[in-house]
Amino acid sequence: MLEIRNLHARIAETGTEIIRGLDLTVKNGEVAAIMGPNGSGKSTLSYILAGREDYEVTEGEILFDGQSILDMDPAERAASGIFLAFQYPLEIPGVATMEFLKVALNAQRRARGEPELKIPDLLKKVREAAGRLNMDMAMLKRPLNVGFSGGEKKRAEILQMSLLEPKLCVLDETDSGLDIDALKVVADGVNALRSPDRSMVVITHYQRLLDYIVPDTVHVLYQGRVIKSGDKSLALDLEQNGYADIIGEAA
Amino acid sequence: MNMHAQPQRTHAETALIDAFVERFSYLPGNEAVIRRRDDAVERLKAGLPTRRVEAWHYTDLRRLLSTVPMHDPAVGAKPLPALLQGSTVLPVLNGVAAHAPRIDGVTVTRLEQKLMDGSVAQAMACDDAADVIAPLNAAFVTDGWFLDIGEGVAVDGPIELQNVQAGGQAHVRFPVRIGAGAKATIVERQSGNGDALVSSVSHLTVGEGAEIVWILLQEQPVGATQLGQFNAVLGKDAKLTLFVMNTGGKLVRQEIKVDAAGEGAVFNLRGVNLLTGDSHTDVTMVLDHSAPNTTSSEIIRNVVTGRARGVFQGQIRVDRLAQKTDAKMACNTLLLSDDGEFSAKPELEIFADDVACGHGATVTEIDRNHLFYLMARGVPEKEARGLLVKAFVAEVIEGLEDEPLIAALEAKLEAWFATNV
């Protein structure tokens, strides 16, 4: 599904290198957790996968289903099946959430050569997905994320994810800013999307999220590289002992 | 000895004076009106304003008004389909008011009749020395509509005033008297299909407690010059919401002069300027708060493409009697091209000490973070940009709280975006 080989990337404006020789393979259906201390490059990795222009890949390769995505813009990557759930979803005044969902769904369908959704079909899909996330339909009439609480924003991200049915979900610190009840709702939403042909990269600072979204593999990111990989027990290990030992081993 | 030689007249200045000589005997009006026309043309003979005149600093009319087409009575203009369903349409076609349908509770009179009987003569006086649009209009005005909305009348359905040109010149006037407690939605259309010189002057008196929504939609073709002036005096507790949308024209100046003269009066201005090509569009507002407890808010949103230039001048004057005035003004511009420009000049003159007045102006490009977010959901760049630009102006339209009106204006937006963004 996803194969990252010797990836090097820097901030386009300043030239500061953030990702320094990162290797990562995520198989079909795999849920891979990426953990690491602050500043290790976790969020940068998520932005690079989504194609944000602020970062420049200087070396290495990202293959998605065997195809390089480096020359694709964010919209093309999304249409090919990559979805980034933002750590801080943006507020976009003037664009009603429902209208945005319609535009995004139909843009992706067009890009894949599928017919656009009719309004009643769209409404039905959205109503079902929103129901599973305990979201009020009235909220969807409001401008996208404007005035939403932290929990509502994260739910709106997962709603988009479930409607767009991506092949690769990248969740960037989806647990940040959530209380425990909201975290459960969001995790249930994510778990409902687990399937043998959908992979997930779950970026998180804390083990807590991984109690609810149980990963198949855990990778520790430090100074822009994966310095250790393991199964879910690695996350528990980190929770107990912190990053110091692993960083020490890798040095 | 007088050393100030009159500078040589421009083609446009000469053409205006010649046009008056040629048109004079055909223009309707009694003696009082004729005197006003004479006074007005004397003002024009002094020359068009340059950027040295403060009110015209960003719109050098003398330089920008390059040609003045001759009046052409032969060309035909057709009325437009109404913006809103259920409207009563009052068209003025090439400077001639067509027919007067009945509207319950409203007296509708052709302006030509009021020129003939002289009852509009007084309103044709031009006191402000920097005013050019009023004298130009007073010199040449041929027709228009006078509306008198009775006390307490809630007008059934919108009234749409249309000024439609087909080339040449069109000079019209819309005096409107709104009785106490009356309610109405009035749409003013400025449109056509020729490279005309158009002037249009409205005068509203809004009675005590009356509520008026006025929609001014300017959609002239790329070759036309539109010089508009909207005047309103608000009575006690009167409420006026003025929505101005400019989507066309080569040279456009829309002046807005409002006096919140009655205690408790409320004025809201919402403006959308969609500027393209090498057009020049100027919206200039002078708002007087001359009574206590008056409230105003102005939000102007501009989208600039191509080599278009835009201007917003917003002057708020708070009289020393107008305590507890609450006035807020914002002018936000989205620049979509490196060659476009927008000048915003907010001005507050406050002579009362217990007031809340504020203003702000921004000029920005499309937010890259917003663009990334939309694209990360699969929306292609061009479509994502369109969505963000639309959102920027749609916010102002959505505040109108009238669903059919919002839908009609958004359709206008869509049409503009389809060809210009």
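These exercises work through a predicted model with chains A and B.

**Exercise 1. Classify a helix pair**

Find how the axes of helix α4 (residues 119-132) and helix α5 (residues 150-164) of chain A cross, and name the arrangement.

*Solution.*
Step 1. Two packed helices are described by the angle between their axes and the distance between the axes.
Step 2. Take the distance: the two axes come within 10 Å.
Step 3. Take the angle: they cross at roughly 130 degrees.
Step 4. Angles of 65 to 115 degrees count as roughly perpendicular, and those over 145 as roughly antiparallel. The crossing angle therefore makes α4(A) oblique to α5(A).
Step 5. Add the hand: α4(A) passes α5(A) in a right-handed crossing.
Step 6. List the residues that meet. From α4(A) come A:K125, A:V126, A:A129 and A:A130; from α5(A) come A:L159, A:S162 and A:L163.

**Exercise 2. Describe the chain contact**

State how many residues each chain gives to the contact, and which helices of chain A take part.

*Solution.*
Step 1. Chain A gives 20 residues and chain B gives 17 residues.
Step 2. On the side of chain A, α2 (74-80), α3 (97-111) and α5 each supply at least two residues.
Step 3. The largest share there, 5 residues, comes from α3(A).

**Exercise 3. Explore the core**

Identify the residues with the most contacts inside the largest nonpolar core, then follow B:V206.

*Solution.*
Step 1. This core has 196 residues.
Step 2. Those with the most contacts inside the core are A:F83, A:V170, A:V202, B:V206 and B:L234.
Step 3. Helix α7 (residues 381-398) of chain B provides the largest share of the core, 10 residues.
Step 4. Set aside neighbours within four places in sequence. B:V206 then touches residues including B:I178, B:I212, B:A232 and B:L234.

Conventions
Residues are numbered from 1 along each chain as its sequence is written. Chains are lettered from A and ligands numbered from 1 in the order in which they are written. This is a predicted model: local features need pLDDT of at least 70, side-chain atom pairs count only at pLDDT 80 or more; totals for chains, interfaces and linings use all residues. A nonpolar core is a set of buried Ala, Val, Leu, Ile, Met, Phe, Trp, Tyr and Cys residues joined through C-beta atoms within 7 Å. A residue is buried if 20 or more other C-beta atoms lie within 10 Å of its own, exposed if 12 or fewer, and partly exposed in between; C-beta atoms are placed from the backbone. Helices (H or I, at least four residues) and strands (E, at least two) are DSSP runs, numbered from the N terminus. Two residues are in contact if their C-beta atoms, placed from the backbone, lie within 7 Å. Axes are lines fitted to C-alpha atoms, for helices over the stretch in contact, and angles run from 0 to 180 degrees between N-to-C directions. Angles under 35 degrees count as roughly parallel, over 145 as roughly antiparallel, 65 to 115 as roughly perpendicular and the rest as oblique. A crossing is left-handed if the near helix is turned anticlockwise from the far one by less than a right angle, and right-handed if clockwise.
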